[in-house]
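Welcome, and please open the structure in your viewer. We will go from stop to stop, selecting a few residues each time and looking at what is there.

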Amino acid sequence: MLMKKYHLFINGEWAEAKQYNPLFSPYSRELIAEIPSATVEEVNSAIEAAYQARTIMSEMPSHQRAKILENLAGLFEAHFDQAAEILSLEAAKPLKTAKGEVARTIQTYKFAAEEAKRISGETIPLDAAPGGEGRFAYTVKEPLGVIGAITPFNFPMNLVAHKVGPAIAAGNTVVLKPAGQTPLSAYFLAELMQKAGLPPGALNMVTGSGAVIGEKLISDDRVKKITFTGSPEVGIGIRNKAGLKHVTLELGSNAALIVDKDIDIDKIIKRCVEGAFSYQGQVCISLQRIYVHKDSYTSFVEKFVKAAQQLKAGDPLNPDTDVSALINPKEVERTLEWISEAKQNGAIVAEGGSSEGNILLPTVLLGVDPASKVSCQEVFAPIVLINKVNSVEEAIDFVNDSRYGLQAGIYTDNIHTALQASKRLHVGGVLINDIPTFRVDHMPYGGVKESGIGREGIKYAIEEMTELKLVILNNNY
């Protein structure tokens, strides 16, 4: 792909910005694009365009919004390989993983198209209360208006879809701020949206400083909701400043898995390795902590390490690559420091623990102190710890001893153990006989504690992007 200069996307047009910044490949560090850095005035223009288009979108019939989203899904299907290559180039996402993300993106927009036609209210029996006789009531769900969407680098196509898809389905307009390292896939979306028939102003895209753009989106009264995926520190700051704005926050995690005794280890190893190292561990629900019953521990570790050694590291555009570069060199430095700290606290490096260029090799740590950063913080790298436990109950306590609570998994053949774990685990989602890294795009997705507030998943996101209106007809008049 040749180096290209991109522009802001405002009111259906490509607008030249006052300032541009270089964008480099995470893998090769070569210059791959020039990206606009929006000023407050340019962000204001994007918000105004979205604000002016809100009436058009709110009055658009649901079948028409659905058709636009169906058209968009079809365009992604027609440009499947191009979309995957963009992801690999800007995010160093291995091509096989990038293709998986494109497939999920298509599915997400298809779900959004379907849900656009299913937004409904209910009738209320007012005569259930004295004084309610002769009155008929019903509820409707109306779009909020302008949605400010701020997305991260790790799923720059599908996580954008999880914000843009339900927003458009519900009749809202959007100002999108993609991650600084991965704007190319969002620009590609804007190009396809034009072809899909979305009215000008319904989707606007600004890139640049998160502080500049985010502050304007949060403070501007025309923006009715902020939907953000990113770090807890930034998310909490948004929450504190948002006032009466609607807010959905998808924040941090350090997802854990419990492996009970008597589990057939051979059946789960491949799945566990995928959960730990897919896209270099840069996944919110990446498998970061594994607690294995003492009776199965030795066998599990041996087979897990052997499977991890089979992974191929290298160029993300190589179809055989499993693991490639972290998003920037600073992340390599940070994660090596975290590994060093874990070792100082008594951890054993069973595999990996070093880097090749910008690639951190898949790393397996044993006997990690719970106070080590690789255990109690979000590592966002191909690092997994495997610790021995005496019981499932002890493992549950370790899982819950965390700032985060997005998803957790447990492998067990005992239904009573499974149900007890599902009750005691303090997380947004419990996966029984699966890893916590599982997600399909129509399920409710979100966490507790510092993992955020609100839920995504198209139907559930639409609920949070609409507001309820009650209508009462007095037949006694």
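Before the first selection, one cut-off is useful: a residue is called buried when its relative accessible area is under 20%, exposed when that area is over 50%, and partly exposed in between. Keep in mind as well that this is a predicted model.

**Stop 1: a pair of charges under cover**

Select K216 and D220. Their side chains meet in a salt bridge, with 3.1 Å from N to O. Is K216 buried or exposed? K216 counts as buried because its relative accessibility is 18%, and the cut-off for buried is under 20%. Its partner D220 is buried too, with a relative accessible area of 7%.

Now add E48 and R222 to the selection. Together with K216 and D220, these residues are linked in a network of salt bridges.

**Stop 2: salt bridges that link distant parts of the chain**

How many salt bridges does a search of the whole structure find? The search finds 21, and two further examples are worth a visit.

For one of them, select K4 and E191. The closest N and O atoms of this salt bridge are 3.6 Å apart. The pair links distant parts of the chain: K4 sits in strand 1 (residues 4-5) and E191 in helix 6 (residues 184-196), with their positions 187 residues apart. K4 is partly exposed, at a relative accessible area of 38%, and E191 is partly exposed as well, at 25%.

For the other, select K303 and D266. Here the salt bridge has an N to O distance of 2.9 Å. This pair also links distant parts of the chain, since K303 belongs to helix 10 (residues 297-308) and D266 to helix 9, 37 residues apart. K303 counts as partly exposed at 31% relative accessibility, whereas D266 counts as exposed at 55%.

**Stop 3: a patch of negative charge**

Stay with helix 9 for a moment and look at the loop that leads to it. D262 lies in that loop, between strand 13 (256-259) and helix 9 (265-277). With 64% relative accessibility, D262 counts as exposed. Which residues gather with D262 in a patch of negative charge on the surface? Select D264, D295 and D413 to see the patch together with D262.

**Stop 4: a nonpolar patch**

For a contrast in chemistry, select M3, F24 and L31. These residues form a nonpolar patch on the surface, and together they have about 250 Å² of accessible area. M3 is found in the segment before strand 1, and M3 is partly exposed, with a relative accessible area of 41%.

**Stop 5: cysteines without a bond**

How many disulfides does a search of the whole structure find? The search finds 0. Select C272 to see one case: C272 is in no disulfide, and the nearest cysteine sulfur, that of C284, is 19 Å away. Sulfur atoms have to be within 2.5 Å to count as a disulfide, so the distance from C272 to C284 rules that pair out. C272 counts as buried, at 0% relative accessibility.

Next select C376. This residue is also in no disulfide, and its nearest cysteine sulfur, again that of C284, is 18 Å away. C376 is partly exposed, with a relative accessible area of 25%.

**Stop 6: three distances across the model**

To finish, use the distance tool on C-alpha atoms.

- Select A129 and G145. They are 16 residues apart in sequence and 34 Å apart in space. A129 lies in the loop between strand 6 (123-124) and strand 7 (135-143), and counts as partly exposed at 38% relative accessibility.
- Select A186 and I124. Their C-alpha atoms are separated by 42 Å, with the residues 62 apart along the chain. A186 has its place in helix 6, and A186 is buried, with a relative accessible area of 1%.
- Select K423 and S45. These residues are 378 apart along the chain, and 48 Å separates their C-alpha atoms. K423 lies in helix 14 (residues 415-424), where K423 counts as exposed at 70% relative accessibility.

Terms used
Residues numbered from 1 in each chain as written. Predicted model: local features only at pLDDT ≥ 70, side-chain atom pairs only at ≥ 80, totals over all residues. Heavy atoms only, no water. Patch = residues over 30% accessible without salt bridge, like charges linked within 9 Å, V, L, I, M, F, W, Y side chains within 5 Å. Areas by Shrake-Rupley, 256 points an atom, 1.4 Å probe, with all protein chains shown as cover. Salt bridge = Lys/Arg side-chain N within 4 Å of Asp/Glu carboxyl O. Lys, Arg positive; Asp, Glu negative; His and termini not counted. Charge placed at Lys NZ, Arg CZ, Asp CG, Glu CD. Helix = DSSP H or I, 4+ residues; strand = E, 2+ residues; numbered from the N terminus. Buried < 20%, exposed > 50% of the residue type's maximum accessible area, 1.4 Å probe, protein only.
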